[in-house]
Amino acid sequence: MLAAAADLPYRYSDGDEQQQGNYYNEAPSRWDGALARKLSAYAVLAHLAAWQGNYPDAAIYSKFVMDNYQRGGNDFISTGHLTDANGFFYDKRTNQLFGFSFVWGHVDGSFTGHIEELTLAEPVVNKRIPDIYLPKDSIISIFNEGGDERFSLDTLGTPVSERYFTNYNGRYPIFSKIKCIMGGVSDPTFRFFSSAIVFTRLEDVALLRAEALAVLGERQGAIDMLNAIRTRRGLDPYNEDVNGDLLHSIFRERQRELMGEGHRWYDLVRYNRIRPNHPIIAPLLADNGHIWPIAQTLLAQNKQLTQNEYWK
């Protein structure tokens, strides 16, 4: 990946020294979010280093992204753009540092295989009950600060912002952060989805860098990265007396910001490697139970494979 990063441009068809001229005679908009770029490689490298517990490298790789994101045409995204039906998860976007788009205009999309199939229901789509949902007590324990643009309640318990959750006062709160229906429409009679599957974006890398700096003892740098997300989502800057332990607050912010994007389990593993005190996860990590089992069908097809020890 480092070798590839050296040859990849920051952006295609944009006068980059690594890729001069128009790539296949197409403008930058044709390739934005569609192809891996230099920052894609460094963002994934930061994740790999953090997963290995190599936080010095995670800090180096994430710093490269944070120092150079504007060269790639990237920027932090507003809460509205993050959650709009035709916003960040719709189509291919420059700010999708690494992802897989399902472009409606290219006849991509499907009835199944997208998160919307599991999470959406009335009033977003004409489905009575969602397959999965977050209970109200979990929602208010996670979004427990006033002014949060993603979701927050007033003093009477009435939602002030419902960008992440619709129908909060109904029986089933609907997780509606990601809701790309067909070509970005809001007509509930359709259930054909086209949201991108995004592995990483700038906000993710900023919080990953905050995590790395906190572990390495660079407290102020970690706070600055954490606040880069908090203040953009309507929250007050981090205050230890109010928000508690810094590392815990960083992972809490990752839970809020990246909800529904597939990060939570991996975040829990990393956090419990740093602080192994969870009664269920800590023993699981000690026995390598966090490594997925190999499918029985594959074991039957290939006798050279052996099942991971925990799952034998």
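Helices (H or I, at least four residues) and strands (E, at least two) are DSSP runs, numbered from the N terminus. With that settled, here are some exercises.

This is a predicted model, where local features need pLDDT of at least 70, side-chain atom pairs count only at pLDDT 80 or more, and totals for chains, interfaces and linings use all residues. Residues are numbered from 1 along each chain as its sequence is written, and side-chain values use heavy atoms, with hydrogens and water left out.

**Exercise 1: backbone oddities in the loops**

Task: find where Pro123 lies, and say what the peptide bond from Glu122 to Pro123 looks like. Then look up phi of Asp91 and of Val107.

Solution:
- Start with the loop that joins helix 6 (115-119) to helix 7 (136-142): Pro123 sits there. The bond leading into Pro123 from Glu122 is cis, and its omega is near 10 degrees.
- Next, go to the loop between helix 5 (79-83) and strand 1 (96-100), which holds Asp91. Asp91 isn't a glycine, yet its phi is positive, near 70 degrees.
- Finally, move to the loop between strand 1 and helix 6 for Val107. Phi is positive here too, near 65 degrees, again in a residue other than glycine.

**Exercise 2: buried or exposed?**

Task: sort Val107, Gln96, Ala222 and Ala228 into buried or exposed.

Solution:
- Get the cut-offs straight: buried means under 20% relative accessible area, exposed over 50%, and partly exposed in between (1.4 Å probe, protein chains only).
- Val107 has a relative accessible area of 76%, so it is exposed.
- Gln96 belongs to strand 1. Its relative accessibility is 1%, so Gln96 counts as buried.
- Ala222 is part of helix 9, and at 0% relative accessibility it is buried.
- Ala228 is in helix 9 (residues 219-230) as well; with 12% relative accessible area, it's buried.

**Exercise 3: who touches whom?**

Task: list what Gln96 touches and what Ala222 is in contact with, leaving out residues up to four places away in sequence.

Solution:
- Contact means heavy atoms within 4.5 Å.
- For Gln96, you should get Gly33, Arg37, Phe88, Phe89, Asp91, Ser101, Ala196, Val198 and Thr200. Asp91, one of these, is the residue with the positive phi from Exercise 1.
- For Ala222, the partners are Ala210, Leu213, Ala214, Leu246 and Ile250.

**Exercise 4: two helices against helix 8**

Task: describe how helix 3 and helix 4 pass helix 8.

Solution:
- Fix the geometry: axes are lines fitted to C-alpha atoms, for helices over the stretch in contact, and angles run from 0 to 180 degrees between N-to-C directions. A crossing is left-handed if the near helix is turned anticlockwise from the far one by less than a right angle, and right-handed if clockwise.
- Helix 3 (residues 38-51) and helix 8 (residues 202-215) have axes that come within 10 Å and cross at roughly 35 degrees. The crossing is left-handed.
- On the helix 3 side you find Ala43, Ala46, His47 and Ala50, which meet Asp204, Val205 and Leu208 of helix 8. By class, that contact has five nonpolar residues, one polar and one charged. For the classes, Ala, Val, Leu, Ile, Met, Phe, Trp, Tyr, Cys and Pro count as nonpolar, Asp, Glu, Lys and Arg as charged, and the others, Gly among them, as polar.
- Now helix 4 (residues 55-68): its axis and that of helix 8 come within 9 Å, crossing at roughly 145 degrees. This crossing is left-handed.
- Residues making the contact include Tyr55, Ala58 and Met66 of helix 4 and Leu202, Val205 and Arg209 of helix 8. The split is eleven nonpolar, one polar and three charged.

**Exercise 5: the second largest pocket**

Task: say which residues lie nearest the centre of the second largest pocket, and which elements supply its lining.

Solution:
- A pocket, on a 1 Å grid over the protein atoms alone, is an open set of points where a 1.4 Å probe fits, with protein on both sides within 12 Å along at least five of seven lines; lining residues have an atom within 4 Å of a point.
- Of the 13 lining residues, His47, Phe199, Gly262, His263 and Tyr266 are nearest the centre.
- Helix 3, strand 6 (197-201) and helix 12 each give at least two lining residues.
- Sort the lining by class and you get six nonpolar, three polar and four charged residues.
- His47 appears here and also in the contact of helix 3 with helix 8.
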